[in-house]
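Let's walk through this model together, starting from one small residue and working outwards. Have the structure open and follow along.

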Amino acid sequence: MSTKKETYSQAMERLEKIVRQIDNNELEIDVLAEKIKEANEIIAFCTEKLTKADREVEKLLQEKQQSKE
């Protein structure tokens with residue numbers, strides 16, 4: 001599944017599934033490394049989404065502040 005068109009919620013669900021599999025020792029050692037790499041990519045994707053949203057909120061707040069002055 002590509003993270004390009006994935007929503008934040010979908011990415012988090014995928015990450016939670018991987019974490020559950022790791023916690024329950026459901027993964028073969030060969031698959032474990034792949035899943036950890038995938039989890040890191042999901043975390044980076046989600047962090048980027050949050051950072052972008054944070055910047056947009058900050059920008060809106062600044063614009064609102066300036067319109068009051």
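Start at Ala-39: setting aside neighbours within four places in sequence, Ala-39 touches Leu-15 and Ile-18. Keep in mind as you look that this is a predicted model.

Those contacts lead straight into the largest nonpolar core, a set of seven residues. Its members are Ala-11, Leu-15, Ile-18, Ala-39, Ile-42, Phe-45 and Cys-46. Helices H1 and H2 each supply at least two residues of this core, and H2 gives the most, with four residues.

Now turn to H2 itself, which covers residues 29–68. Its buried residues are Ala-39, Ile-42, Phe-45 and Cys-46, and what covers them includes H1. Why might such positions line up along a helix? An α-helix has 3.6 residues a turn, so residues three or four places apart point the same way.

Is the length of H2 what you would expect of a helix with 40 residues, or not? At 1.5 Å a residue, H2 should span 58 Å, and because its end C-alpha atoms lie 59 Å apart, the two values agree.

Finally, go back to H1, which runs over residues 8–23 and includes Gln-21. Is Gln-21 buried or exposed? Its relative accessible area is 16%, and since buried means under 20%, Gln-21 counts as buried. Leaving out neighbours within four places in sequence, the contacts of Gln-21 are Glu-26, Leu-27 and Lys-35. Of these, Lys-35 falls within the residue range 29–68 of H2, so following this contact brings you back to the helix where the tour began.

Key:
Residues numbered from 1 in each chain as written. Predicted model: local features only at pLDDT ≥ 70, side-chain atom pairs only at ≥ 80, totals over all residues. Heavy atoms only, no water. Buried < 20%, exposed > 50% of the residue type's maximum accessible area, 1.4 Å probe, protein only. Contact = heavy atoms within 4.5 Å. Expected span 1.5 Å × (residues − 1). Core = buried A, V, L, I, M, F, W, Y, C linked by side-chain atoms within 4.5 Å.
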